[in-house]
Amino acid sequence: MTASTSKKEWFATWFDTHYYHVLYANRDDQEAEFFISNLMELLKPNPETASILDLACGKGRHSIYMNKLGFNTMGVDLSAQSIAHARQFENENLHFQVQDMREPLKAKFTHIFNLFTSFGYFDSIEENQKVMQAIQAMTTEKGILVIDYLNAHKTVKNLVQSESKTINNIRFDIERNADDNHVYKYIHVTDADFSESYMERVQLLKFSDFETLLNQIGFKVTHCFGDFHLNPFDSEKSDRLILIAQKQ
Ligand SMILES: C[S@@+](CC[C@H](N)C(=O)[O-])C[C@H]1O[C@@H](n2cnc3c(N)ncnc32)[C@H](O)[C@@H]1O
């Protein structure tokens, strides 16, 4: 760990490098491709003119597929590790860059995608607003934003407080709890010669919270879906909260 790397960042990188892909093996490319295909069918961007930003792209599974569909795509993420991995897939129309989503890029995009609960890591409403302002600055006129988030109501209602699983001889002991504003997940990993803990914390943002944030930057919600099939959102039943908004 260098002096400039905080312990929290070091843990995040360590978990990402060694165990994220084991624990979340079901967050796979097929799921990403199915979701993107459905979104593109609905949004019908013009491959000749569209420019797409995958904001908090992780290792780039959605970006890579959007590029395969013929779209000019840029993926950005805070994790240098994930971007280094994604870069092996770069081509003339697919680029990746390390970037904090609270800061805007200079370029503008016709479509911005923020997928798989990649919002809500921050401590304050001001930081959420900063992300929204960056999105506002990076979107062209009438540009489209897609946010795919957890369904806060169902997440809290169905919270599995404690579970353990062993995958590839690695044991994961997971505890979850929630307060009014956040859901917390504590993951304790036990490998052959290693044992460490990691905490994930995500804000419990609801439809109305996103609507307020979006209205503040002059975006209007045009669609609200509850899963990757794009079925309508139902706060009791839906696994996801998927919002599509357009710059007015
Ligand atoms: C749950 S993962 C989803 C990644 C990707 N969208 C996917 O579906 O595979 C959330 C991502 O948000 C990124 N992230 C967290 N804070 C960020 C920030 N301030 N700026 C950019 N990316 C951030 C993490 O590094 C991580 O890759």
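1. A good place to start is the lining of the second largest pocket, which divides into five nonpolar residues (Ala, Val, Leu, Ile, Met, Phe, Trp, Tyr, Cys or Pro), eight polar and four charged (Asp, Glu, Lys or Arg), with the others, Gly among them, counted as polar. A pocket here is an open set of points on a 1 Å grid over the protein atoms alone, where a 1.4 Å probe fits, with protein on both sides within 12 Å along at least five of seven lines; lining residues have an atom within 4 Å of a point.

2. Please keep in mind that this is a predicted model, in which local features need pLDDT of at least 70 and side-chain atom pairs pLDDT 80 or more, while totals for chains, interfaces and linings use all residues. Residues are numbered from 1 along each chain, and side-chain values use heavy atoms, without hydrogens and water.

3. The same pocket, the second largest, is lined by 17 residues, and Ile125, Asn128, Gln203, Leu205 and Asp209 lie nearest its centre. Domain 1 (7-152 + 205-247) and domain 2 (155-200) each give at least three residues to this lining; the domain bounds come from an automatic or database assignment.

4. Now to the ligand: 19 residues surround it, with Ala56, Arg61, Asp77, Met101 and Leu115 coming nearest (a heavy atom within 4 Å counts as near). The side chain of Arg61 has an N or O atom 2.8 Å from a ligand oxygen. Ligand nitrogen atoms lie 3.1 Å from a polar side-chain atom of Asp100 and 2.8 Å from a backbone N or O atom of Met101.

Note on methods
Polar contact = N/O pair within 3.5 Å; in protein donor to acceptor, adjacent residues only side chain to side chain.
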